[in-house]
Amino acid sequence: MGKKVEVVILNQPYTFVGEDEERIVRAAGFVDGRIRDVIKDYGIVNTLNAIVMAMMRIADEYLEVKLRAEKVEDQTLRLLQ
């Protein structure tokens with residue numbers, strides 16, 4: 001069983017359980033930063049709206065990186081053939 005890791009996101013404490021404390025802390029900092037960026041960029045005051053907007057940004061970036069990785073994988077496979 002993993003250990004408990006305390007983090008703060010938007011001034012709210014959360015406890016996660018996992019083996020890699022550094023990874024959990026890094027992920028929480030990333031999420032906190034993204035939500036704060038959205039609040040600053042758009043002047044959003046509703047926490048739920050800010051979280052959803054931040055998740056949309058993160059999802060968009062993830063899907064773009066995933067698409068690029070798939071293209072590189074396809075190109076690599078073609079080169080190997």
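Buried means under 20% relative accessible area, exposed means over 50%, and partly exposed covers what lies in between, with a 1.4 Å probe and protein chains only. Arg57 is partly exposed on this scale, with a relative accessible area of 24%.

The model is predicted, so local features need pLDDT of at least 70 and side-chain atom pairs count only at pLDDT 80 or more, while totals for chains, interfaces and linings use all residues. Residues are numbered from 1 along each chain as its sequence is written, and side-chain values use heavy atoms, with hydrogens and water left out.

**Stop 1: the hairpin**

Select residues 3-9, strand β1, and residues 12-18, strand β2. Strands (E, at least two residues) and helices (H or I, at least four) are DSSP runs, numbered from the N terminus. β1 and β2 pair in the antiparallel sense over seven bridges; two strands pair if DSSP finds at least two bridges between them. To see the register, show Lys4, which stands opposite Val17 in β2.

Next, select Gly18, placed in strand β2. Gly18 is buried, at a relative accessible area of 14%. A C-alpha to C-alpha distance from Gly18 to Lys4 should read 6.7 Å, for residues 14 apart in sequence. Leaving aside neighbours within four places in sequence, Gly18 is in contact with Gly2, Lys3 and Ile24, where contact means heavy atoms within 4.5 Å.

**Stop 2: the turn**

Move to the loop between β1 and β2 and select Leu10. The hairpin has two residues between its strands. Most residues other than glycine have a negative phi. Leu10 has a positive phi, near 50 degrees. Asn11, also found in the loop between β1 and β2, has a positive phi near 65 degrees. Which of the two loop residues is buried, and which is exposed? Leu10 is buried, with a relative accessible area of 17%, whereas Asn11 counts as exposed at 60%.

From Leu10, step across to Asp32 in helix α1. Setting aside neighbours within four places in sequence, Asp32 is in contact with Val8, Ile9 and Leu10. Asp32 counts as buried, at 14% relative accessibility.

**Stop 3: charged pairs**

Side chains of opposite charge can pair when their charged atoms come close. A salt bridge here is a side-chain nitrogen of Lys or Arg within 4 Å of a carboxyl oxygen of Asp or Glu. By this rule the count comes to six; some of them are shown below.

Select Glu22 and Arg26, whose closest N and O atoms are 3.8 Å apart. Both residues lie in helix α1 (residues 21-42), four residues apart, about one turn of the helix. Glu22 is exposed, with a relative accessible area of 59%, and Arg26 counts as exposed at 52%.

Now select Glu61 and Arg34, a salt bridge with its closest N and O atoms 2.9 Å apart. This pair links distant parts of the chain: Glu61 is in helix α2 (residues 47-80), Arg34 is in helix α1, and the two are 27 residues apart. How accessible is each partner? Glu61 counts as partly exposed at 36% relative accessibility, while Arg34 is buried at 18%.

Then select Arg57 and Asp41, whose side chains meet in a salt bridge (2.9 Å, N to O). This pair too links distant parts of the chain, with Arg57 in helix α2 and Asp41 in helix α1, 16 residues apart. Asp41 counts as partly exposed, at 43% relative accessibility.

**Stop 4: the helix pair**

Show α1 and α2 together. Two packed helices are described by the angle between their axes and the distance between the axes. Axes are lines fitted to C-alpha atoms, for helices over the stretch in contact, and angles run from 0 to 180 degrees between N-to-C directions. α1 and α2 pack at an angle of about 110 degrees, with their axes 8 Å apart. That makes α1 roughly perpendicular to α2, a term for angles of 65 to 115 degrees; under 35 counts as roughly parallel, over 145 as roughly antiparallel and the rest as oblique.

To display the interface, select Phe30, Arg34, Ile35, Asp37, Val38, Ile39, Asp41 and Tyr42 in α1. These residues meet Ala50, Ile51, Met53, Ala54, Arg57, Ile58 and Glu61 in α2.
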